[in-house]
Amino acid sequence: MAPLVGTKAGGFMGPSGGDHVEYPGKLTWSVLISCVLGAMGGLIFGYDIGISGKRSDFDADILGEIFPSVYKKEELDKSTNQYCKFDSQILTLFTSSLYLAALVSSLVASYATRRFGRRVSMLVGGLIFMAGAILNAFAVNILMLIFGRILLGFGVGFATQSVPIYVSEMAPYKHRGALNNVFQLSITIGILVANVVNYFTAKIEGGWGWRVSLGGAAIPAIFISAVAWILPNTPNSMIEKGELQQAREMLCRIRGVSDREIEAEYIDLVAASEASKRVQHPWRNLRLREYRPQLVMSILIPALQQLTGINVVMFYAPVLFQSLGFGNNASLFSAVITGLVNMLATFVAVFGTDKWGRRKLFIEGGIQMLIFQVAVAVLIALKFGVSGNVTELPEWYSIIVVMCICIYVSAFAWSWGPLGWLVPSEIFPLEIRSAAQSITVSVNMFFTFGVAEVFLSMLCGLKYGLFIFFSVFVAIMTVFIYVFLPETKGIPIEEMRVVWKRHWYWKRFMPDHNDQEVNGNSV
């Protein structure tokens, strides 16, 4: 296929004056289509986040049919305390059970991704997610709902483990940031679609609209399964399976250059694969001293991503807005607005990550989130105080609150949202890549589970202080990125060690020579 964008061939000087090799290559239609379709694996995760917001609000139909005790409590609760109105462990368990299942499944997906390839993990994730969606649509009790959620979680675990790796390996390194950020864009599209579905199914008479919302998750699952079936494998995956000639041909195809021009990259991929094969226990090797920088990032970046409090806003948006005094339909419509802002702002990351770099977006987004998260806390404190009792929220006041939340969401959408997936997926050498990505997904899901599990109780206990709680972590993570994260823009994925060797702190963990035994014992 014809190339879209050319990149300068040869040379040894990177964008920051580094000494890494620059591989020749072009952004071809082949790699663009493969990366965009592969990144659409985020649709299932995004749809679930958005649909969980509606199900956390639980209109009278699903409450009366599946959660009668919660429905009775809400009907009997005539107080005006907005902080504690929806505090229910059953509702919380329904929302958070998916993320615990995703945590467990990501560990299994690590083996599948390494042994059978990235496409297989994506396919398995799509099929399991589809089964969970069908089970939820026809649920008649809480056990069926939670079991369906667990299946959804297994699907999300497989998809989030394999998709970022797939895109990072397929993309030319100078466009890796933009293409990998399509994964986060697909998550935001899924959230927006779910919010729109929630808004219209709430108007369905007869009490079965919630089944349409939950069952609708099968549509993106079918799409992802079909895409995974037709997508080509990455050259890295082919080499790992011994398909050397096919890998070479695929590398020529996706880079849009001649066989001679891909020689350097091909040799490096084969060398990385040989090093990977010598690693018998990738989980054990993660503890080696030379992998310490990547291990720290694979744990702290996804943890801090969730401690921004973003999922509080996204999958509890209807509850949050209703607690702020909006009516049911108004709260759902406000959630649609935040979902739209989330999606549109992600385009800033798609087009700006490879231009401005990861660090600048991380830091700017962190500062913006901090300012407007504190602003939301102040606005809620002024109107609700500690008691949470309010009889009427003026329209102009509601608009200001929604605007502050939207500015906060936009900052996340072009910084910690996409970069929280991009950076961990691009910094690991091949020999530990699948295991390390599993850690990233597991940590992400663990903290997502934790936040989902305690949010409603924390809102009831901390009141407006909940937003101050999360803003403290936003401040911490912004300082962490400024001090400890090196810039990874424009660095080939198999040459990423150079950024750690140049860093003022992490260089002490890096070996002085490249021929160190992979299975060394230093820790």
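**Exercise 1: a buried acid**

Find the residue whose side chain makes a polar contact of 2.5 Å with the side chain of aspartate 48.

Solution. The partner is arginine 149, side chain to side chain. A polar contact is a pair of N or O atoms within 3.5 Å; within protein, one must be able to donate a hydrogen and the other to accept it, and residues adjacent in sequence count only if both atoms are side-chain atoms. The model is predicted: local features need pLDDT of at least 70, side-chain atom pairs count only at pLDDT 80 or more, and totals for chains, interfaces and linings use all residues. Residues are numbered from 1 along each chain as its sequence is written, and side-chain values use heavy atoms, with hydrogens and water left out.

Next, look for a further polar partner. The side chain of tyrosine 99 also joins that of aspartate 48, at 3.4 Å. Then widen the search to contacts (heavy atoms within 4.5 Å). Outside its neighbours within four places in sequence, aspartate 48 touches Leu98, Tyr99, Phe129, Arg149 and Leu152.

Finally, place the residue. Aspartate 48 belongs to helix H2, residues 42-57. Helices (H or I, at least four residues) and strands (E, at least two) are DSSP runs, numbered from the N terminus. With a relative accessibility of 1%, aspartate 48 counts as buried (under 20% is buried, over 50% exposed, in between partly exposed; 1.4 Å probe, protein chains only).

**Exercise 2: salt bridges**

How many salt bridges are there, by the rule used here? Trace the network that contains glutamate 169.

Solution. The rule asks for a side-chain nitrogen of Lys or Arg within 4 Å of a carboxyl oxygen of Asp or Glu. The count is 11.

Start from the pair of arginine 118 and glutamate 169, with N to O at 2.7 Å. Arginine 118 is in helix H6 (residues 118-137) and glutamate 169 in helix H7 (residues 142-170), so this bridge ties together parts 51 residues apart in sequence.

Then follow glutamate 169 to arginine 433, where N to O is 2.8 Å. Arginine 433 lies in helix H22 (residues 433-462) and glutamate 169 in H7, so the parts tied here are 264 residues apart in sequence.

Check the burial of these partners. Arginine 118 is buried at 1% relative accessible area, glutamate 169 is buried at 3%, and arginine 433 is buried at 1%.

For another pair, take glutamate 263 and arginine 248, whose closest N and O atoms are 2.2 Å apart. Helix H13 (residues 263-278) holds glutamate 263 and helix H12 (residues 244-255) holds arginine 248, so parts 15 residues apart in sequence are tied together. Glutamate 263 is partly exposed at 30% relative accessibility, while arginine 248 is buried at 14%.

Close with the network: shared partners join Arg118, Glu169, Glu240 and Arg433 by salt bridges.

**Exercise 3: aromatic rings**

Classify the geometry of the pair formed by tyrosine 505 and tryptophan 506, and name the cluster that ring pairs build around them.

Solution. Rings of Phe, Tyr and Trp (its six-membered ring) pair if their centres lie within 6.5 Å; planes under 30 degrees apart are stacked, over 60 edge-to-face, and the rest tilted. The rule yields 17 aromatic pairs. Tyrosine 505 and tryptophan 506 have centres 4.9 Å apart and planes at 75°, an edge-to-face pair. Tyrosine 505 is partly exposed at 23%, whereas tryptophan 506 is buried at 4%. Ring pairs link both residues with Phe480, Phe484, Trp500, Trp504 and Phe509 in a cluster.

**Exercise 4: a nonpolar surface patch**

Which helices each supply at least two residues of the nonpolar patch?

Solution. Begin with the members: Val374, Val378, Leu382, Ile468, Val472 and Ile476, with about 500 Å² of accessible area together. Patch residues have over 30% relative accessible area and no salt bridge; like charges are joined within 9 Å, nonpolar side chains (Val, Leu, Ile, Met, Phe, Trp, Tyr) within 5 Å. Accessible areas come from the Shrake-Rupley method with a 1.4 Å probe; for residues, only the protein chains shown count as cover.

The helices are H19 (358-384) and H23 (465-484). As an example, isoleucine 476 lies in H23 and is partly exposed, at 45%.

**Exercise 5: the whole protein**

What share of the 523 residues is buried, and how many helices and strands are there?

Solution. Buried residues account for 61%. The protein has 24 helices and two strands. About 19,500 Å² is exposed, 67% of it from carbon and sulfur atoms. Among contacts between residues at least 6 apart in sequence, 81% join residues at least 24 apart.
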